[in-house]
Structure formats: structure tokens, C-alpha cells
Amino acid sequence: MKRKPAFVALCLLGAPLLSSADTFKLKDGSTVEGRVVSDAGDTYVLEVFITKSIKDERKIPKADVVRITREEPDMKAFEGVAKLLPSADMLTTEDYAQNIAAVQKFLKDYPTSAKSKSAKALLETLKSESAQVAAGSIKINGKMISPAEYQANAYDFDARVQEAKIRKLVSENHFLQALRLFSELDRDYRNTLSYGALASLMKQVIQAQVDEAKQSLATLDARVKARELGIQRMSFEGRRDTEAAISNEAAELEALYKAEKDAKIDWPTTSPFHKVSLEDTVKFGEAELVRLSTVKTILGVDGGKAYRELWNAIHNQATAATVTAAIANARTAAVAPRYLTPLENAAKAIK
């Protein structure tokens, strides 16, 4: 699942505050969490949640209760807003606005809470960061980067952003998306520290993708045969509908495969029953593993550093000879044209 940066804040704003739930410690050592709906006689009647959306009532004799721990609703609510700091990298001003609104809602709902001071401090931090982002800053690796600092290190910072996205996709098991994004990193940022830092991890991801495709190919004939036997055992209507569904799915997969090939996407969307996409994955993956095994001996330069030195040379009014040398280094480091060309154009003005 792809989570938007301000998802926590949206939940806090959109969901009503829940009634407090108390914890009842019983003589047998067990605990029950619930909200007291009746406290008459010798029995507590509790409203308990079986799931997040299913409630039930449970009666507990007071004589069985050893201790009751009361939950304070403001403390529970503060747990949610406290998660907004430290703020995530690369939030937009809109993201910050949602987070700020969530904290303001807490302060409005619980003005006398013991956590109000902490919430106010949190609010000020969010407002400060939001103002910096509005002025052109960006948060990377937990640090707020000024516009000037970003511009001088754009090639390196953008590579880091890509690296963070790829690592997140891998951690969430979105391997195909991670591999496609790594192909973009390979094209535009091959001579960066981020690329080198990812090489080992992506070899593992590629190997896993290749192994899975090989396994699907090895069992394809048997699975197709088993599916056909299963279809033959169905009723006429069931067989007709199933065969139509399989045919439609096969047509959709073939259309998707062709569209991805036309778009020159290296890593195709695979299906356990789509042989060509599996074969392409194995072929391309194995070639990538060979290439990546030699990438360290081919590199040896830092594109981020080369870009930064060229940017500084131009903006610090270095000599034409120094700028020319810096351009040559950036070209050797294979800095992507969309980064290098603007600097080369700016260098033409230096006499």
C-alpha cells in the first residue's frame, strides 16, 4: 500500500474522537479493555471492541476485578499527534497544513490537557518547517535543506530522494516498482553514492525476481494442465464462464505486455501464466546481475561531487580554466544532461 505523507493527520482530522477505554485486571490474571456503560449493583457492563468496527457487551462481576486503569482520552489523542514529529522527508506545504490542523484540533478539544504544552511546541515546529518549505526548502534525510544548498547539490540530493523511494518500495515488497525506479536511477545517477549504496540490495531483489520467474516457468506446463483438468470437471455454465475469464485475462496481459514493450520498460509485469513476460524477466534479470557485478570497477567517480564543484565554480566566479576543468569532470562523471546542460550554458557567460 502506498501511504501519503499526511495520512496520519487525515485520519486524526476525519475520525471522531473515541470514548475512553479502561483496562480491567481480573483475579485470574487476564485483562479486559472496554468502556463502562453500566456500573450498577455488583456487575460492570462493558462495551468492548471485538474488531475495530464490531462492538459487544460483556458483564464482569466487580468481585473479580483486582484493578481498574482509567484511560485518559486526551493522552490517547496525543499519541496520534505526537507521531507527526519528526516529520517525514519531502512533505509539501499542503501536507504540513494537514498536520498543523490535526494538532490545532487536539488543542481545541483538550485545552487543559497535561500534554497541551507539548502539543504547542510540536505545533510551532511544524509551522516553522512549513514556512521553510514554502520558502523553497526541502527536508531530506531528516534535515531541512535551504534552496541555495539544494541547488548546489541538486544532483546528489535528487539521487538520495530516489534511493529513499526505492528502499521504501523494497521494504513494502513492491519489488517490480523498485526495479523500475532503479532502472531510472541507473540511467540518470549511475555515478552517485546513492547508486553504489543500493547496488548490493538491488542485486538481491533482482535475484529474487529471477528465481521467482524461473520457478513459474518450471511449473507452467503442470499448472496449465491442472487448470484444464479442473475446468473439465465443471458444469457447462461454469466451464464456459471460467474459460471466458481466462481468455479475457490472457488478452489483458498480452495487451499490457505489448504496451510495456512499446514503452521500452525493462521490467515487464509478470503473471504465473504469461510465459513471455516470465522469460523476459529471467533474460533481463540475469543480464543485469552480470552487469552489476562489474559496476564497482567501472565507476570510481562521484557525480554528486563533480556537479557540486562545477556549480560552485560557476557561482563563485572561478576562472574560465577552472570552470572548463569542472565541466570536463562532470562529463566524465556522466552527470545527466538535464543537470549538466544548464550549467554548461551558464558557463558560457564566463570570460
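**A walk through the model, from Asn153 outwards**

Visitor: Where is the place of Asn153?
Guide: Asn153 sits in the loop between helix 5 (147-152) and helix 6. Keep in mind that this is a predicted model.

Visitor: Is Asn153 buried or exposed?
Guide: Asn153 is buried. Its relative accessible area is 12%, and the cut-off for buried is under 20%.

Visitor: Leaving aside neighbours within four places in sequence, what is Asn153 in contact with?
Guide: Tyr307 and Arg308.

Visitor: And Tyr307, what is that in contact with, beyond four places in sequence?
Guide: One group is Gln151, Ala152, Asn153, Ala154 and Tyr155. Val335, Tyr339 and Leu343 are also on the list.

Visitor: Which residues touch the most other members in the largest nonpolar core?
Guide: Tyr307 is one of them. The others are Ile166, Phe182, Met202, Leu310, Val335 and Tyr339. The core has 43 residues.

Visitor: Which helices each supply at least two residues of this core?
Guide: Helix 6 (154-171), helix 7 (175-188) and helix 8 (193-218) do. So do helix 11 (275-293), helix 13 (303-315), helix 14 (320-332) and helix 15 (337-347). Helix 8 gives the largest share, 7 residues.

Visitor: What does the second, separate core include?
Guide: Phe78, Val81, Leu107 and Tyr110 are among its 18 residues.

Visitor: Why do cores turn up at all?
Guide: In soluble globular proteins, nonpolar side chains tend to be buried together.

Visitor: Switching to strands. How do the side chains alternate along strand 1?
Guide: Strand 1 covers residues 22-26. Asp22, Phe24 and Leu26 point to one face and are buried. Thr23 and Lys25 point to the other face and are not buried.

Visitor: How many bridges join strand 1 to strand 2?
Guide: There are 4, and the two strands run antiparallel. Strand 2 spans residues 31-38. Phe24 has Val32 as its bridge partner there.

Visitor: How do strand 1 and strand 5 pair?
Guide: In the antiparallel sense, over 4 bridges. Strand 5 is residues 65-69. In strand 5, Val65 is the bridge partner of Leu26.

Visitor: Back to the hairpin of strand 1 and strand 2. What phi does Gly29 take?
Guide: Gly29 has a positive phi near 95 degrees. The hairpin has 4 residues between its strands, and Gly29 is in that loop.

Visitor: What does Gly29 count as, by relative accessibility?
Guide: Partly exposed, at 45%. Its C-alpha atom is 8.9 Å from that of Val66, although the two are 37 residues apart along the chain.

Visitor: Whole chain now. How many helices and strands?
Guide: 15 helices and 7 strands. Buried residues are 34% of the 351.

Visitor: What radius of gyration does the protein chain have?
Guide: 29 Å. A compact globule of 351 residues would be near 20 Å. The C-alpha trace spans about 90 × 70 × 35 Å along its principal axes.

Visitor: What does the protein chain expose?
Guide: About 20,800 Å², with carbon and sulfur atoms supplying 55% of it.

Visitor: What pLDDT does the protein chain average?
Guide: 89, with 92% of residues scoring at least 70.

Visitor: Where is confidence lowest, and where highest?
Guide: In terms of means, helix 1 (residues 7-14) is lowest at 50 and helix 4 (residues 116-134) is highest at 96. Over residues 1-5, pLDDT stays under 50, and the model has 4 contacts there beyond four places in sequence. Residues 14-19 are also below 50, and that stretch has 5 contacts beyond near neighbours in sequence.

Conventions:
Residues are numbered from 1 along each chain as its sequence is written. This is a predicted model: local features need pLDDT of at least 70, side-chain atom pairs count only at pLDDT 80 or more; totals for chains, interfaces and linings use all residues. Side-chain values use heavy atoms; hydrogens and water are left out. Buried means under 20% relative accessible area, exposed over 50%, partly exposed in between (1.4 Å probe, protein chains only). Two strands pair if DSSP finds at least two bridges between them. A nonpolar core is a set of buried Ala, Val, Leu, Ile, Met, Phe, Trp, Tyr and Cys residues joined through side-chain atoms within 4.5 Å. Contact means heavy atoms within 4.5 Å. The radius of gyration is taken over C-alpha atoms; the globule rule is 2.2 Å times the number of residues to the power 0.38. Accessible areas come from the Shrake-Rupley method with a 1.4 Å probe; for residues, only the protein chains shown count as cover. pLDDT is the predictor's confidence in each residue, from 0 to 100.
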